[in-house]
Amino acid sequence: MHSLDMDADYRWLAEAPSPCFAVDETALQSNLEVLQEVQRRGGCRIILALKGFAMFSVFPLLRRGLAGTTASSLHEARLGREEFGGEVHLYAPAYHDEEFDDLLRLADHISFNSLNQWRHFRDRAAAPERPVRCGLRINPEHSEVKTALYDPCAPCSRLGITAEQLRGADLEGISGLHFHTLCELNADSLERTLAVVERNFEEALRQVQWVNFGGGHHITRPDYDLDLLCRLVKEFRERHEVEVILEPGEAVALNTGVLTATVLDIVMAHYSMVKTNTFNGVPLPSLAVRRLDGRLEVVRRFGYEDYRNRLS
Ligand SMILES: Cc1ncc(COP(=O)(O)O)c(C=O)c1O
C-alpha cells in the first residue's frame, strides 16, 4: 500500500509553499481501493464525512469510489452537492428553521438528533420538492471510545435518542436509523456496538430500510480487520433486510497528506479572533464593534464563500 509515513520520501514537498496542506493522490487512491473492497464485499455504501476531509480539488478522484458525502451543516451540504455529487446525507444535533428549506433542497437523507427535532420538522420534511429520506440518530449507550470528551455515548450525552426514549414513538415517515459511536476504532468495537443496537432497538430495526453505522471506523489503517467488517456489514444487512451506509472521514484521508510549516519563532500569542476556523462548515463568527456612542456595528460577516475559499 502506498501511504505517507515517517520514513517516506518527502522530496516532492520541496516545491510546496509553507505553511501548506499537501495531499498525495496516489496515497488517496490506495485508501479508496480499500474502501471500494469493503463496499463490494459487505454490500454497503460508503460516503465521505466532510467534517473530516473537504478538499474539493480531489473530489473527482474520490467520487470514482465513494457514493457521496455526509454533511453536518448547510455549508457542508452545499459543498457536497455542488462539488462532489452523488448522495448527500445530513446529520446535525439541531437544524435552524430558516435553513431547513435549503437543506431539503440539498440533502437526500436527513437524520434527526431527537424526537423533538423530528416532530418539529416532520411536516416540512414530508412535502419537499424532491424526496428526502428521514432518519433518527440513536444512542446505543454503549461506550467504545475511552476518552469521555470524544465519546458520544458518555453519560449525559445529548447525541441521539436512547432506546428508552424511542420506545413507543410513532416512526411513520422515518426510513432509517443512524448511530455514530466510534472514533479511530477497529471492527471489534463495531461488533460489540451492533450487538447492543440489535438487542435494544429491535422493534425500530424491523421498521426501517437503511441503517447508517456512522464514522470512526479506521478502515484504512494497516491493522484494521477488514474481514470482520465485511462480515458484520453483510450479515447485518441480510438479517435485517436493510441498506447499510458507513460515513468515515478520517479513514478516507488517513496517511495521505501532511501539513508543512516553518518555525519562525518560539514565542506563541493566542487571541481567539485571529485563529477561528470553519470546522464542520460552521460559519465564522461575525465581527462587531460597540461604538463610543453605544451603537453596535457589525463590521464583518462571513458566509459560504469564506468557507469555500479556504479549500481548493
Ligand atoms: C455523525 C458523524 N459521522 C461521521 C463522522 C466521521 O468520523 P471519522 O472521521 O472519525 O470517521 C463524525 C465525526 O465526528 C460524526 O460526528
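These notebook entries record what I looked up in this predicted model.

**Entry 1: helices H1 and H9**

I began with helix H1, residues 25-42, and helix H9, residues 226-240, whose axes come within 8 Å of one another and cross at roughly 35°. I noted the crossing of H1 and H9 as right-handed. On the H1 side I listed Val34, Glu37, Val38, Arg41 and Gly42 as the residues making the contact, and on the H9 side Leu226, Asp227, Leu229, Cys230, Val233, Lys234 and Arg237. Sorted by class, the contact between H1 and H9 holds six nonpolar residues, five charged ones and one polar one.

**Entry 2: the nonpolar core**

Next I looked up the largest nonpolar core, which has 80 residues, and wrote down Leu62, Leu136, Leu166, Phe213 and Ile219 as those with the most contacts inside it. Helix H9 gives the most to this core, with seven residues. I then took Phe213 and asked which residues it is in contact with, once its neighbours within four places in sequence are left aside. The list I obtained for Phe213 is Phe179, Leu190, Leu194, Val233, Phe236, Val244, Ile245 and Leu246. Val233 had already appeared in my first entry, as one of the H9 residues in contact with H1.

**Entry 3: salt bridges**

I found 23 salt bridges in the structure, and I followed some of them in detail. The side chains of Glu243 and Arg45 meet in one of these, with 3.1 Å from N to O. Glu243 belongs to strand S9 (residues 243-246) and Arg45 to strand S2 (residues 45-49), so this pair ties together parts that lie 198 residues apart in sequence. I recorded Glu243 as partly exposed, at 27% relative accessibility. The Glu243 and Arg45 pair does not stand by itself, since Arg45, Glu87, Arg133 and Glu243 are linked in a network of salt bridges.

A second pair I checked is Glu198 with Arg239, where the closest N and O atoms of the salt bridge are 2.9 Å apart. Because Glu198 lies in helix H7 (residues 187-200) and Arg239 in helix H9, the pair ties together parts that are 41 residues apart in sequence. Are the two partners buried or exposed, or partly exposed? Glu198 counts as buried, its relative accessibility of 19% falling under the 20% limit, whereas Arg239 is partly exposed with a relative accessible area of 49%.

The third pair I looked up is Asp306 with Arg300, whose side chains meet in a salt bridge at 3.2 Å, N to O. Asp306 is partly exposed at 23% relative accessible area, and Arg300 counts as partly exposed at 38% relative accessibility.

**Entry 4: helix H3 and its surroundings**

In helix H3, residues 74-84, I marked Leu74, His75, Glu76, Ala77, Leu79, Gly80 and Phe84 as buried. What do the buried residues of H3 pack against? I found strand S2, helix H2 (59-63), strand S3 (68-71), strand S4 (87-91), helix H4 (100-106) and helix H11 (304-309). S2 is also the strand in which I had placed Arg45. After H3 comes Gly85, and I noted its phi as positive, near 85°.

**Entry 5: Phe302**

I located Phe302 in the loop between strand S12 (296-300) and helix H11. Phe302 is partly exposed, with a relative accessible area of 22%. Not counting residues up to four places away in sequence, Phe302 touches Pro283, Leu284, Pro285, Ser286 and Leu287. I also took the C-alpha to C-alpha separation of Phe302 and Ala195, which are 107 residues apart in sequence and 44 Å apart in space.

**Entry 6: positive phi outside glycine**

Last, I looked for residues that depart from a general expectation, namely that most residues other than glycine have a negative phi. Glu141 is not a glycine, yet its phi is positive at about 55°. I placed Glu141 in the loop between strand S6 (133-137) and helix H6 (163-166), and recorded it as exposed, with a relative accessible area of 54%. Glu184 likewise has a positive phi, near 55°, in a residue other than glycine. The loop holding Glu184 runs between strand S7 (174-178) and helix H7, and Glu184 is partly exposed, at 42% relative accessible area.

Methods: Residues numbered from 1 in each chain as written. Predicted model: local features only at pLDDT ≥ 70, side-chain atom pairs only at ≥ 80, totals over all residues. Heavy atoms only, no water. Axes fitted to C-alpha atoms, helices over the stretch in contact; angles between N-to-C directions. Helix = DSSP H or I, 4+ residues; strand = E, 2+ residues; numbered from the N terminus. Left-handed = near helix turned anticlockwise from the far one by under 90°. Contact = heavy atoms within 4.5 Å. Nonpolar A, V, L, I, M, F, W, Y, C, P; charged D, E, K, R; others polar. Salt bridge = Lys/Arg side-chain N within 4 Å of Asp/Glu carboxyl O. Buried < 20%, exposed > 50% of the residue type's maximum accessible area, 1.4 Å probe, protein only. Core = buried A, V, L, I, M, F, W, Y, C linked by side-chain atoms within 4.5 Å.
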